[in-house]
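Dear colleague,

Please find below the structure that I agreed to pass on to you. My findings follow it, and I would be grateful if you read them with the coordinates open.

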Amino acid sequence: ATGTDNWRKATSTPVHAAPTEVDGRVFVVSTDNELLTFAAGDGTPGWTYQALIEPARILGGSSPAVSGDTVVAGFASGELVALRAGNGNDLWSEALSRASRTNALSEIRDIAGRPVIYKGDVYAVSHSGVFAATDLRTGQARWSLPGTAITTPWVAGDVVFVVDKAGQVICVSRENGSVYWIQDLNNTENRSKK
């Protein structure tokens with residue numbers, strides 16, 4: 001009503017992503033790959049989770065996704081981690097990274113786009129070339145495709161869209177990861193048809 005601060009907390013390193021607030025808890029990832037939690041009402045610090053610290057990273061960050069009592073966070077190390085929202089206990093972890101001898105940028109493993117939770121699966125893409133679906137409950141990989149992006153996947157019905165680093169929209173089957181089509185947004189012919 002007034003725009004005044006309800007609370008303010010200092011973090012040991014900067015935060016470059018929006019926080020996620022669910023059920024009275026605030027979840028945010030700092031630039032040193034630490035997931036921090038706070039009480040939404042008064043800012044009281046809660047549990048924390050420290051992922052692998054990565055010296056090379058994208059300046060932006062990813063917001064955690066929450067479903068029920070599970071929080072899923074992506075980190076600059078390429079780790080996709082699921083934790084209990086209430087206490088921070090580990091549920092599962094998956095590495096969305098793939099090294100390439102021909103591409104030095106594959107060493108930047110960031111999951112810069114927010115993970116998406118939809119109908120019991122988690123969809124995420126890393127900068128180092130992995131676009132994947134993971135079972136939210138078990139952490140088992142459902143499918144994985146080569147794909148390099150810093151964007152959040154978008155789930156719509158039975159398909160998942162992602163815009164890759166090259167500027168292509170990729171449409172895949174939500175069920176098995178089959179690629180339905182790829183559209184190059186940089187193609188001037190496509191723009192002139194409009």
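Which residues do ring pairs link into a cluster? The model, which is a predicted one, shows Tyr123, Phe131 and Trp143 joined in this way.

These three aromatic residues also belong to the largest nonpolar core, which has 13 residues. Together with Val160, Val162 and Val172, they touch the most other members of that core. Five strands each supply at least two of its residues: β10 (121–125), β11 (130–135), β12 (141–146), β14 (159–163) and β15 (168–173). A second core lies apart from this one; it has 12 residues, including Val29, Trp47, Tyr49 and Ala51.

Trp143 merits a closer look. Leaving aside residues up to four places away in sequence, Trp143 is in contact with Tyr123, Phe131, Ala132 and Ala133, and also with Val172 and the run Ser173, Arg174, Glu175, Asn176 and Gly177.

Val125 is located in strand β10. Its relative accessible area is 2%, so Val125 counts as buried. Its C-alpha atom is separated by 6.1 Å from that of Ala149, although the two residues are 24 residues apart along the chain.

Turning to the sheet, four strands form an open arrangement in the order β1-β2-β3-β4, with antiparallel pairing. At its edges are β1 (20–22) and β4 (45–50), each of which pairs on one side only. From one strand to the next, the twist averages 20°. Strand β3 (residues 34–39) runs antiparallel to β4, and four bridges join the two. Within this pairing, Phe38 stands opposite Pro45 of β4.

The structure contains seven aromatic pairs. One of them is formed by Trp7 and Phe38, with a tilted geometry: the centres are 5.9 Å apart and the planes lie at 35°. Because Trp7 is in the segment before β1 and Phe38 is in strand β3, this pair ties together parts that are 31 residues apart in sequence. Trp7 is partly exposed, at 27% relative accessibility, whereas Phe38 is buried, at 10%.

A further tilted pair consists of Phe161 and Trp181, with ring centres 5.8 Å apart and planes at 55°. Phe161 belongs to strand β14 and Trp181 to strand β16 (residues 179–184), so the pair ties together parts that are 20 residues apart in sequence. Here Phe161 is buried, with 17% relative accessibility, and Trp181 is partly exposed, with 41%.

With kind regards

Definitions and conventions:
Residues numbered from 1 in each chain as written. Predicted model: local features only at pLDDT ≥ 70, side-chain atom pairs only at ≥ 80, totals over all residues. Heavy atoms only, no water. Core = buried A, V, L, I, M, F, W, Y, C linked by side-chain atoms within 4.5 Å. Buried < 20%, exposed > 50% of the residue type's maximum accessible area, 1.4 Å probe, protein only. Contact = heavy atoms within 4.5 Å. Pairing = 2+ DSSP bridges. Axes fitted to C-alpha atoms, helices over the stretch in contact; angles between N-to-C directions. Phe/Tyr/Trp six-rings, centres within 6.5 Å; stacked < 30°, edge-to-face > 60°.
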